[in-house]
Amino acid sequence: MGKHIGKSVKRVEDPRFIQGKGNYVANIKLPEMAHVAVLRSPHAHAKINSINIDAAKALDGVIDIFVGKDLIDDGVGKMPVIWQVPDNKIPDRWPLVPDKVRHVGDSVAAVVAENQYIARDALDLIQVDYEVLDATIGAKATTEDGKPLVHDEIENNISFKWGLGDREACDKAFEEADHVVKLDLINQRLIANAMEPRACAAQWVTATENMTVWTTSQNPHIIRFGLSAVTLPMLDEHKLRVISPDVGGGFGSKIFHYPEEVIVPWIAKKINRPCKWVATRSESFMTDSQGRDHVQNCKLALKSDGTITGLYVELHADMGAYLSSIAPLIPTVICITLFSGLYKNPGIWGETTGTLTNTVPVDAYRGAGRPEASYLLERIIDVAAKELDMDPIEIRRKNFIGKDEFPYQTPVAFLYDSGDYHAMFDKLEEIADYKGMRAAQASAKDEGRLVGIGVSGSVEASGYGPAATVGALGFYGGMWEHGGIRVHPTGKVTAFTGSHSHGQGHETTMAQIVADKLGIEVADVDVVHGDTDLVTQGMGTYGSRSAAVGGEALSNAAKTIRNKLVTLAAHLMEVSEDDLAYDDENGTVHVKGVPEKSKAFGELAFAAYSGHSLPEGMDPGLETAAYYNPGNFTFPSSAHLVQVEVDKDTGEIEVQKYVAVEDCGNVINPMVVEGQILGGIAQGVGQALYEHGVYDDDGQLVTGSMLDYTMPRADNFPMIESDRIETPSPSNTLGVKGVGEMGSITSPPAVVNAVVDALSGYGVKDIEMPLTSEKIWNLIQTNGG
Amino acid sequence: MAIRLEKEYHIDLPREDVWYAIQNPDILAQILPNCQSLEPKGNNQFTAHIDIKVGPVRSKFESSFEMFDIHEPEGYKFLVRGNGKNGSMNGQGEIKLHSNKDGTNFTFIAEGNVAGILARVGQRLIEATGKKLMDQGFENFKNKVIESNMA
């Protein structure tokens, strides 16, 4: 290991962000730029009888107005679903709907005008004759006979069923169990609310027939492929450039290929002017793919000593009105595979029914299927502990996979790479002073106060791969990553990554990897990402994959550069390569044992480009590219402990203490890792206590603004104590595991366990998230408070 | 989302006078929450200009208002349907008049649905606002009816 990996290098991207100098899609200004606004359906389910655009078109400054048929007639394709499970029924989804709206916010028409104000005024003048139809909502309720069909051809609104596990072993576990715990849970609908709303701009150059699209995407190469292969087939991939510049947060909601990414470039070409669309916050609420929304019916089988022997789960997942890009993956492959958690459990079976409703589509949201898995497992184990009168940490420890049992094959497909769950919980108990907390809780109880302590632990599968495995599981792409390194003649370096940073700090951490491997300074490495013309290929950033897959690709590319430098140095110094050593401290190549006989990094770079003296067969130049296809997923783990106090009179919950211990393998930048953990915890606590995307029976989104959708704020948190253990991943040479989603995966059950613990005196077994003060107060009142 | 308003009021006038008053679009407009004006189109049909202000949301609707099941002097039912720039509303209601010894009991029932931004942003306030407007509206209505009977 060199001198940069493991150091808390300050983020090089931050100065521009905190000075307001970021370059976001909304900042793109081009000569003659026109502005697009999209008319959104106010109804959850309605037939479009007619659309009258005459008055809107007559408005001064309106350039043109388009409806669904205009795009279809011009050869625009349907929105693709790029992760499909077997027998998946895929409903048609057009960028602008031609005949029927299926959720509030569905796209009906697009106006292009001289400025965004005129465009929005024109929306008010479009007259749509809707024939309003009954709506269907509810992940499970929507499958009942007689419910309205979201898509006429999809019976009972069921898009797919998918099961995984050892059904026989599971049935046997329940037959032989000493104790069975049953728990029915709802993992509620969430709305991602990235700080930057989605946006898209496009420029068509008639002379060269080149299209450039700027979009707020986590994966511009996938968007380029989707556009040229499916949605805008009139554009050729090699003449289409997709740029995702600075992107202000995604949390999964910016992975997907969205209708506006089709509408805006199509209009730009049609009117032959650059165009831009920027979502309002209201549009974000009703058009960004949302998260979670599961109904989970669970059973856990145990021996009387607390040994877990089986888990049976029936899951209904609300997919919304259409399948968003990778939606079928989320409640299936990426969810049920984590039902084993930190534990040995021979008898697991889970089955998901993916259903359609008249609501905004649901897809990956930070954690994506894994928080839903972790929540049910960590909640039902807590209930088991209560019923068996065991300490919640004790019952978990009893079932942990031991550190000597890795690699560990679970009954739900995964081969865990490494971990040490006992050590992780040792550290958690020590930092939190768990015994002391329990003693303090007992004295608080004597004073009549409602103090609760909750724990949870989870395993995440991050850095999806190899490509063949994800292909077999339903993905149309590869999940490898590309990394390129260009050493310039002066010895400065540009690193190209197919990962995309939208808050993660890749410009720092990827530079640390490259500088570390080449023995140069971080400041001498510039990281380029988010541009399909500059970066050869890429799979983007989601699923906590960037370090484990993208970082490894760059590390491998750096090795190729090192090898060439050593070969070149041997030639220039007329020594054997075997006699040379590469100095990780300063990037020089020197004769072993004779450090003064050396060639500096910049000297060798210049020699490679001058080409005056190169070894036989060596080409000039000093750049390389690597594709890295991971051999396995990585399996980070984490343990959280929370103390809450519930106010008896108001039902308010105060989070008083939060301790998190994570294992994400080797750490590239501890400060960046801590930032990810804290952000993830904030989002997870948001799910547990505050956030809920609510639809009424008519399919109206009644939490359609920040007035009614509560996000967590800084004053909702105590100082979060975070620490870690490191069990390096054997899956990559960096030894790293994903870290971006751990916080949001592990925290919701920890918080709910704590609140249920606080209310144990009222006989409370479970409370549905979010744990609003109203809900808690009512519980206390109805249970004899 | 669904909204329901129902309330009974009392007015110190004989039922026939009240019945006469609710035939007058200018007076009737007073009691329909958020209704700015009613323009007769004939055949018991009207164009209603409705302007809803709920919290931060304002939505103007040009709606159709139709009376049916008319039973003089006991009351009638009505249908409202409108599209505005920020959403849509539709509903139905009933006005019932009962004679008693002190005058007339006036029952107003309205049920409807709103869609769009009124539902998304205004839902928390819309029913409460509607009730408040209905009370205010009835006071105005009563004054107008009494005034017109005195004149």
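Visitor: Is A:Arg370 buried or exposed?
Guide: This is a predicted model, so the answer rests on computed values. Buried means under 20% relative accessible area. A:Arg370 has a relative accessible area of 2%, so A:Arg370 is buried.

Visitor: Which residue forms a salt bridge with A:Arg370?
Guide: Side chains of opposite charge can pair when their charged atoms come close. For A:Arg370, the closest N and O atoms of the pair are 2.6 Å apart. The partner counts as buried, at 7% relative accessibility. That partner is A:Glu741.

Visitor: How many residues apart are A:Arg370 and A:Glu741?
Guide: A:Arg370 sits in helix H9 (residues 370-387) of chain A. A:Glu741 lies in the loop between strand E28 (720-724) and helix H18 (742-758) of chain A. The pair links distant parts of the chain, and the separation is 371 residues.

Visitor: Which residues do salt bridges that share partners join into one network?
Guide: The network is made of salt bridges with shared partners. Its members are A:Arg40, A:Arg120, A:Arg198, A:Glu260, A:Glu283 and A:Asp288.

Visitor: With which side chain does the side chain of A:Ser107 make a polar contact?
Guide: A:Ser107 is in strand E5 (residues 107-113) of chain A. At 4% relative accessibility, A:Ser107 counts as buried. Among the residues it touches are A:Val38, A:Pro95 and A:Glu260. The polar contact, at 2.9 Å, is with the side chain of A:Arg40.

Visitor: How many salt bridges does the structure hold over all chains?
Guide: One of them joins A:Lys57 and A:Asp64, at 3.3 Å from N to O. A:Lys57 is partly exposed, with a relative accessible area of 41%. Over all chains, the count is 50.

Visitor: Which residue forms a salt bridge with A:Asp246?
Guide: A:Asp246 is in the loop between E11 and H7 of chain A, and its partner is in helix H1, 230 residues apart. A:Asp246 is buried, with a relative accessible area of 10%. The partner is partly exposed, at 24%. With the closest N and O atoms 2.6 Å apart, the partner is A:Arg16.

Visitor: Why is helix H6 of chain A largely enclosed by the rest of the structure?
Guide: Helix H6 covers residues 220-231. Its buried residues include A:His221, A:Ile222, A:Arg224 and A:Leu227. What covers them includes strand E10 (210-215), strand E11 (240-243) and helix H7 (260-271) of chain A. The helix is largely enclosed because the buried residues number 9 of the 12.

Visitor: How far apart in space are A:Met33 and A:Cys275?
Guide: A:Met33 is in the loop between helix H1 (14-18) and strand E1 (34-40) of chain A. At 9% relative accessibility, A:Met33 counts as buried. A:Met33 touches A:Cys275, and also A:Ala201 and A:Lys276. The two are 242 residues apart in sequence, yet C-alpha to C-alpha the distance is 5.3 Å.

Visitor: How many disulfides does the structure hold?
Guide: A disulfide needs two cysteine sulfur atoms within 2.5 Å. For A:Cys170, the nearest cysteine sulfur is that of A:Cys298, 12 Å away. For A:Cys335, the nearest is also that of A:Cys298, 9.9 Å away. Over all chains, the number of disulfides is 0.

Visitor: What area is buried between chain A and chain B?
Guide: The contact takes 18 residues from chain A and 17 from chain B. A:Asp124, A:Gln700 and A:Asp708 supply 31% of the area that chain A buries there. Carbon and sulfur atoms give 47% of the total, which is about 1,300 Å².

Visitor: How many residue pairs are in polar contact across the interface of chain A and chain B?
Guide: The rule finds 0 salt bridges across this interface. Strand E6 (127-132) and helix H8 (281-287) of chain A each give two or more residues to the side that touches chain B. That side divides into 8 nonpolar, 6 polar and 4 charged residues. The number of pairs in polar contact is 5.

Visitor: In which strand is B:Ile3 found?
Guide: At 14% relative accessibility, B:Ile3 counts as buried. B:Ile3 is in contact with residues including B:Ala110, B:Val114 and B:Ile126. B:Ile3 belongs to chain B, in strand E1 (residues 2-11).

Key:
Residues are numbered from 1 along each chain as its sequence is written. Chains are lettered from A and ligands numbered from 1 in the order in which they are written. This is a predicted model: local features need pLDDT of at least 70, side-chain atom pairs count only at pLDDT 80 or more; totals for chains, interfaces and linings use all residues. Side-chain values use heavy atoms; hydrogens and water are left out. Buried means under 20% relative accessible area, exposed over 50%, partly exposed in between (1.4 Å probe, protein chains only). Helices (H or I, at least four residues) and strands (E, at least two) are DSSP runs, numbered from the N terminus. Contact means heavy atoms within 4.5 Å. Buried area is the accessible area (1.4 Å probe) that two parts lose on being put together, summed over both. A salt bridge is a side-chain nitrogen of Lys or Arg within 4 Å of a carboxyl oxygen of Asp or Glu. A polar contact is a pair of N or O atoms within 3.5 Å; within protein, one must be able to donate a hydrogen and the other to accept it, and residues adjacent in sequence count only if both atoms are side-chain atoms. Ala, Val, Leu, Ile, Met, Phe, Trp, Tyr, Cys and Pro count as nonpolar, Asp, Glu, Lys and Arg as charged, and the others, Gly among them, as polar. Lists of a residue's contacts leave out its neighbours within four places in sequence.
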